[in-house]
Amino acid sequence: MIKNASLVVVGTGIKFLSHLTVEARAYIEQSDKVLFLVNDPGMKQWISKTNPQSESLDFLYSKFSLRKYCYQAITEYILQTVKEIKHVCVVLYGHPCVFAQIGIDAVNLAKKEGFYAKLLPGISSADCLFSDLLIDPGSHGCHSFEATDFLLYKRKFDPRSHLILYQADIIGVLGNPRVHNNKKGAELLIRYLSDFYTLNHKVILYEAAQYPSFEAKIEQYSLGSLMEAAFSRITTLYIPPCNNNEYDHKMLEELGINAFDL
Ligand SMILES: C[S@@+](CC[C@H](N)C(=O)[O-])C[C@H]1O[C@@H](n2cnc3c(N)ncnc32)[C@H](O)[C@@H]1O
């Protein structure tokens, strides 16, 4: 086992090369080994060309029927590589720990085993969504959930805040199917959300541009018509706040705030 080995997990951002930070790029170029799990074929090619000692983790991602076993196998593989190969860089897409547990698990495990390990921030799909839809997450507060988790655990949220749902195309799916009919999932999502919003509340299917000079895909539906929407593997569902923004009058008084200053 190599004593002074290290692990650095970086993100590619969403838009090909344009979102890659200078720091992430340097780790990809200079590490002894690069392991990558990214969805864009152009990015895969660029990484392989930039560092000839790079290896795709796709073979582990498609090896198991449940995603949790893929993630476990990938984490173990990363650790094994750190033990054998000194300085390892792992590249994930978007922000490497936003709805991506692998990077966090690998860094925690590496630290536990005494290695230097860290995870660098990247541009996530939520960052692109804020820019493209001109949303300040601080304006009403912002919730984000993985769609299946949201329904399964009946996550509590404030409908007066922004709501972002990831992986809304594979509701109820714990594996990696090539194709999936999401009608049932969309139906259950509408049912749960209609407890909080009217059926004509506007929702947005959002896809950030993955290449420079392309535009984001922004499609608006009413909540009730969401079953007609075509979700893709990169769709994020955004639900704007409902209009009711009533504050707590007692709290206003206790905080000594003048209502006209709000
Ligand atoms: C496993 S998560 C990975 C998220 C990624 N780490 C990030 O930083 O955004 C996959 C989900 O991210 C969202 N996503 C990925 N690419 C996207 C894109 N180009 N536009 C909008 N959402 C995207 C979708 O909700 C998708 O189901």
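This is a conversation about a predicted model, its two sheets and its domain interface.

Visitor: What makes this model suitable for local statements?
Guide: The model is predicted, so local features need pLDDT of at least 70 and side-chain atom pairs count only at pLDDT 80 or more, while totals for chains, interfaces and linings use all residues. Residues are numbered from 1 along each chain as its sequence is written, and side-chain values use heavy atoms, with hydrogens and water left out.

Visitor: How do you know where domain 1 and domain 2 begin and end?
Guide: Domain bounds come from an automatic or database domain assignment. Domain 1 covers 6–119 and domain 2 covers 125–239, and their C-alpha centres lie 27 Å apart.

Visitor: Why are β1 and β4 called paired strands?
Guide: Strands are DSSP runs of E with at least two residues, helices are runs of H or I with at least four, and both are numbered from the N terminus. Two strands pair if DSSP finds at least two bridges between them. Strand β1 (residues 6–11) and strand β4 (residues 87–92) have 6 bridges in the parallel sense, so they satisfy that rule. One of the bridges joins Leu7 to Val88 in β4.

Visitor: What makes β3 and β5 edge strands?
Guide: Their sheet is open, with 5 strands in the order β3-β2-β4-β1-β5 and parallel pairing. β3 (54–56) and β5 (116–119) each pair on one side only. Neighbouring strands here are turned by 15 degrees on average, direction ignored; axes are lines fitted to C-alpha atoms, for helices over the stretch in contact, and angles run from 0 to 180 degrees between N-to-C directions.

Visitor: How do α2 and α4 run relative to β2?
Guide: α2 runs at about 175 degrees to β2 (33–37) and lies across β2, β3 and β4. α4 lies across β1, β2, β3 and β4, at about 170 degrees to β2.

Visitor: What is the strand order in the sheet that includes β6?
Guide: That open sheet of 5 strands has the order β6-β7-β10-β8-β9, with mixed pairing. Its edge strands are β6 (142–146) and β9 (217–222). β6 and β7 (residues 162–166) pair in the parallel sense over 5 bridges, and His143 has Leu163 as its bridge partner in β7.

Visitor: How do you know that domain 1 touches domain 2?
Guide: Contact means heavy atoms within 4.5 Å, and 17 residues of domain 1 are in contact with 18 residues of domain 2. The buried area, meaning accessible area (1.4 Å probe) lost on being put together and summed over both parts, is about 1400 Å², with 54% from carbon and sulfur atoms. In domain 1, Ile14, Arg67 and Phe99 lose the most area to domain 2, together 49% of what that side buries.

Visitor: How many salt bridges does the rule find across this interface?
Guide: The rule asks for a side-chain nitrogen of Lys or Arg within 4 Å of a carboxyl oxygen of Asp or Glu, and it finds 0 between domain 1 and domain 2.

Definitions and conventions
Buried area = accessible area lost by both parts, 1.4 Å probe.
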